[in-house]
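Hi,

Here is the structure I promised to pass on to you. Have a look at it first, and my notes follow underneath.

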Number of protein chains: 2
Amino acid sequence: MSENAVRRPTIVQVARLAQVSHQTVSRYLRHNGGLKPDTVRRVEAAIEELGYRPNLVARSMRTRRTGRLAVVLPAPALLLPTRLLSAAAAVAHEAGFLMEVVSVEGGPVERSDHAWELISSGQVEGVLSLSSLPGLSDQPRTASSAAFVVVGEYDDELRGIGELADASVVGEIIEHLAGLGHRHFMHVAGPDAWSSARARRQVYTEVIERLGLVSHGVVDGDWSAQCGYEAVRALAEDSPVTAVIAANDPMATGAVRAALDRGWGVPQRLSVSGWDDLELGRFATPSLSSVVVDREEQGRVAMERLIALVRGEPEPDAARRPLNRLVLRESTGPAPVPAP
Amino acid sequence: MSENAVRRPTIVQVARLAQVSHQTVSRYLRHNGGLKPDTVRRVEAAIEELGYRPNLVARSMRTRRTGRLAVVLPAPALLLPTRLLSAAAAVAHEAGFLMEVVSVEGGPVERSDHAWELISSGQVEGVLSLSSLPGLSDQPRTASSAAFVVVGEYDDELRGIGELADASVVGEIIEHLAGLGHRHFMHVAGPDAWSSARARRQVYTEVIERLGLVSHGVVDGDWSAQCGYEAVRALAEDSPVTAVIAANDPMATGAVRAALDRGWGVPQRLSVSGWDDLELGRFATPSLSSVVVDREEQGRVAMERLIALVRGEPEPDAARRPLNRLVLRESTGPAPVPAP
DNA sequence: GGACGGAAAGTGAACGATCACTATTCTTCC
DNA sequence: GGAAGAATAGTGATCGTTCACTTTCCGTCC
């Protein structure tokens, strides 16, 4: 280990050089005004000469504010919700916060613990989670300032924040396909760790039942194209399944390729729908029917809620336009006649 | 704003409750050992009762260590290098650091400034950058502990860290295609902000010239499929170009689709290669020839270097196996005869 | 000339941990 | 029984800022 002989200059050293008190320098730094032009000049010169930068750790300690918000993701997140994160970061930045992305290994409990640790150790002022955080409200909330927002949550207290839209779109897909003559479905789901995956699976099951259709199973996927591929490959040659509802685009892509590889036309023999409207799906052949998710809006809304929570302001619950919208492309079509 | 009436318990309160000194509690927390079983029990009970969690900000202030490392990305990063980040995070975590991802808007200068700010304000101990940070070494390095690692850098002092491999692979692609009879090429490049994009572009130009081939332009892309699509759509019907080297898979996918849309067979009329070996490209039809980039290894190596730097240890320069490897799939093939 | 008052600047105590010492207790061994 | 030395615990300073108060300066008004 190397010893750091050189120490960063402090506010006191600046003050000494500028021949003022440390408090005056502090005032300058906080832009508090009320300083004589001459004083300002001397302070600025001293800061410049010493190459001084305020120690934000020390400031945080005193003010008890860190200006940091964390986004907690399940790891390994093979598929980062990039657009959501970008939008959320922009909102955070706008409000003067720094957003950081933390991915946590392990199950829901580990994630919960980690999120709680982040908050209660004073490292961040708020946590945005993309997975459910079970048992978090059971924690001893000695710190009153804990601020959590869970995105895409469906089965906890925040039920239906934007997820009802989710539901309706899964319904839409199935209804649309049913209208085209499809009766036998399969669902390739995402991992349970993701609340959005759970929501889609649940709605799939409900709607299939409600419409009196037949589900030929729900495959536990891992968001990867490979598992979509295997799901379709595993179907019998004379399987009655004519429509695959995948919980994301990569799994849908895998399903399409598996169908093509075994000589099944898409959508002539098998219709496949994805989710997320990835651009690669948009430009693929056949292009992928998918669900446009307004990730930007989702990220914005979530971050706005979090910031309001952190600041103790009322939640901004503007009327939300639906976040999700079905887009039909080449990978879905009428059910084959006669049905296989 | 809501006043936080409740204040988090401190080490002193724990000490009081456990009837020991605050230092003893501190010892317990740092696992320093040398505590009597009975003392440990009392401390633990007190911590439990108060719901105490150490304030990491205060600890950081005293120890001057934050245990945080930042990854700085150009924003808007439409395409987060997910696998690299995951691997890097794992290494960081292993070494007891928390890795956070910060995306910075603006140009190279803004990114540089931001990176410097992160370090010099004591918020993080090191910065990993995926874009070059110009002028950073010009900064007054009053703080001796500044630790930066730039990944994929090509034109700064860290020249050729793993990027020579990059070069050789672009060369490989072109040589391979030339061997299949291709003479007329086009390159769809990524944004200059990304050092990897600059590297690929540069090597493309060099190799085309070295082999005496013909380049029909370099398109300034933005990593998006759309721009790949437009690049190929813009070609004349009788364009001599038979091979498109795209700097990533989405742009390659766009190029493929554009070709198919205008009735050009891929690879019969046009060969297209991508970069990154995205799984969607692997499962697309035609599947995409691409470059397998060992992002995990890249992330690991970069993070290991950073951590070594932060700790003042010598850099671990184990013999590196090449990070990049060309994978030929369905989207590349022999040049059409007769050439158009 | 003195009282008043606002602007500008200073003083010392937090914030909540750890560090560097010092003090106490407990063994052990002669 | 007592001294040496290890094991255990305590004391006060310190990290670099901001907060709450106090002080000084300076012009104005009666």
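H2 and H4 of chain A, together with H2 and H4 of chain B, each supply at least two residues of the surface near DNA strand C. Please keep in mind that this is a predicted model.

Let me stay with DNA strand C for a moment. There are 28 residues around this strand, and A:Ser21, A:Thr24, A:Thr39, B:Ile11 and B:Ser26 come nearest. By class, that surface has 7 nonpolar, 12 polar and 9 charged residues. On the DNA side, 58% of the strand C atoms within 4 Å of the protein belong to sugar or phosphate, and the rest to bases.

Some polar contacts to DNA strand C that you may want to look up:

- A:Arg62 has a polar side-chain atom 2.9 Å from a base nitrogen.
- B:Gln23 places a side-chain N or O atom 3.0 Å from a base nitrogen.
- B:Tyr52 has a side-chain N or O atom 3.1 Å from a sugar or linking oxygen.

Now for DNA strand D. It is surrounded by 28 residues, the closest being A:Ile11, A:Ser26, A:Arg62, B:Ser21 and B:Thr39. Sugar and phosphate make up 57% of the strand D atoms that come within 4 Å of the protein. The residues of this surface divide into 7 nonpolar, 12 polar and 9 charged.

A:Arg62 turns up here too: one of its polar side-chain atoms lies 2.7 Å from a base oxygen of DNA strand D. Phosphate oxygens of DNA strand D are approached by A:Arg7, with a polar side-chain atom at 3.4 Å, and by B:Thr24, with one at 2.8 Å. The elements giving two or more residues to the surface near strand D are helix H2 (22–29) and helix H4 (56–63) of chain A, along with helix H2 (22–29) and helix H4 (56–63) of chain B.

Away from the DNA, I also looked at a sheet in chain B. It is an open sheet of 4 strands in the order E2-E1-E3-E4, with parallel pairing. Strand E2 (98–104) and strand E4 (148–150) of chain B each have a single partner strand, so one side of each has no neighbour in the sheet. From one strand to the next, the twist averages 20°.

Within that sheet, strand E1 (residues 68–74) of chain B pairs with E2(B) in the parallel sense over 7 bridges, and B:Arg68 stands opposite B:Leu98 in E2(B). Helix H5 (residues 82–94) of chain B lies across E1 and E2 of chain B, running at about 140° to E2(B).

Best wishes

Key: Residues numbered from 1 in each chain as written. Chains lettered and ligands numbered in written order. Predicted model: local features only at pLDDT ≥ 70, side-chain atom pairs only at ≥ 80, totals over all residues. Heavy atoms only, no water. Near = heavy atom within 4 Å. Polar contact = N/O pair within 3.5 Å; in protein donor to acceptor, adjacent residues only side chain to side chain. Nonpolar A, V, L, I, M, F, W, Y, C, P; charged D, E, K, R; others polar. Pairing = 2+ DSSP bridges. Axes fitted to C-alpha atoms, helices over the stretch in contact; angles between N-to-C directions. Contact = heavy atoms within 4.5 Å.
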